[in-house]
Amino acid sequence: MSKELTLEVKEVNRQIGIIKNDLVNSIDVLFYDIENIEDQAKIFRTIVSQFNNYDLTSIKEYVKLSTQDK
């Protein structure tokens, strides 16, 4: 792969990362603007139900590890 192409790929990946981070932050703000915990839970379940089993297993393990010793 040429040096120019490598640099272009890195720049595109950087821009995609910025866009993804902005989207995550926007969703985070919107999610926590929902004051009712039951509504938050409903939306969370709807979002999580879109993941495949592999991703769900990973999320479950991450949450378990994140909540240990608390």
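The legends below describe several views of a predicted model.

**Figure 1. Overall fold of the predicted model, with 3 helices and 0 strands.** Along the sequence, the elements follow the pattern α-α-α. The C-alpha atoms occupy a box of roughly 50 × 25 × 25 Å along the principal axes. The radius of gyration is 17 Å, whereas a compact globule of 70 residues would have a value near 11 Å. Buried residues account for 4% of the 70 residues. The exposed surface amounts to about 6600 Å², of which carbon and sulfur atoms supply 60%.

**Figure 2. The loop between α1 and α2, and the start of α2.** Asn 36 belongs to the loop that lies between α1 (3–32) and α2. With a relative accessibility of 35%, Asn 36 counts as partly exposed, because that class covers values between 20% and 50%. At the start of α2, a side-chain oxygen of Asn 36 comes to within 2.7 Å of the backbone nitrogen of Glu 38. As a reference to the rest of the chain, the C-alpha atom of Asn 36 is separated by 24 Å from that of Lys 64, the two residues being 28 residues apart along the chain.

**Figure 3. Helix α2 and the surroundings of Gln 40.** Helix α2 spans residues 37–48 and includes Gln 40. The helix has 12 residues, and the distance from its first C-alpha to its last is 16 Å, close to the 16 Å expected at 1.5 Å a residue. Gln 40 has a relative accessible area of 11% and is therefore buried, the limit for that class being under 20%. When residues up to four places away in sequence are not counted, Gln 40 touches Phe 31, Tyr 32 and Ile 34. Two of these contacts, Phe 31 and Tyr 32, also form the aromatic pair of the next view.

**Figure 4. The aromatic pair of Phe 31 and Tyr 32.** The structure holds 1 aromatic pair. The ring centres of Phe 31 and Tyr 32 lie 5.0 Å apart and the ring planes meet at 85 degrees, so the pair is edge-to-face. This assignment follows because planes over 60 degrees apart count as edge-to-face. The two partners differ in accessibility class: Phe 31 is buried, with a relative accessible area of 16%, whereas Tyr 32 counts as exposed at 55% relative accessibility. Both residues are touched by Gln 40, which is itself buried.

**Figure 5. Helix α3 and its start at Asn 52.** Helix α3 covers residues 53–67 and has 15 residues. From the first C-alpha to the last, α3 reaches 21 Å, close to the 21 Å expected at 1.5 Å a residue. At the start of α3, a side-chain oxygen of Asn 52 approaches to within 3.0 Å of the backbone nitrogen of Tyr 54. A side-chain oxygen of an Asn residue likewise reaches a backbone nitrogen at the start of α2, where Asn 36 and Glu 38 are involved.

**Figure 6. Ser 66 in helix α3, and Asp 69 just after the helix.** Ser 66 lies in helix α3. A polar atom of the Ser 66 side chain is placed 2.8 Å from the backbone oxygen of Tyr 62. An α-helix has 3.6 residues a turn, so residues three or four places apart point the same way. Ser 66 is partly exposed, with a relative accessible area of 28%. Its C-alpha atom is separated by 18 Å from that of Asp 28, with the two positions 38 residues apart along the chain as the offset. Just after α3, Asp 69 adopts a positive phi of about 65 degrees.

Methods
Residues numbered from 1 in each chain as written. Predicted model: local features only at pLDDT ≥ 70, side-chain atom pairs only at ≥ 80, totals over all residues. Heavy atoms only, no water. Helix = DSSP H or I, 4+ residues; strand = E, 2+ residues; numbered from the N terminus. Buried < 20%, exposed > 50% of the residue type's maximum accessible area, 1.4 Å probe, protein only. Contact = heavy atoms within 4.5 Å. Expected span 1.5 Å × (residues − 1). Polar contact = N/O pair within 3.5 Å; in protein donor to acceptor, adjacent residues only side chain to side chain. Rg over C-alpha atoms; globule rule 2.2 N^0.38 Å. Areas by Shrake-Rupley, 256 points an atom, 1.4 Å probe, with all protein chains shown as cover. Phe/Tyr/Trp six-rings, centres within 6.5 Å; stacked < 30°, edge-to-face > 60°.
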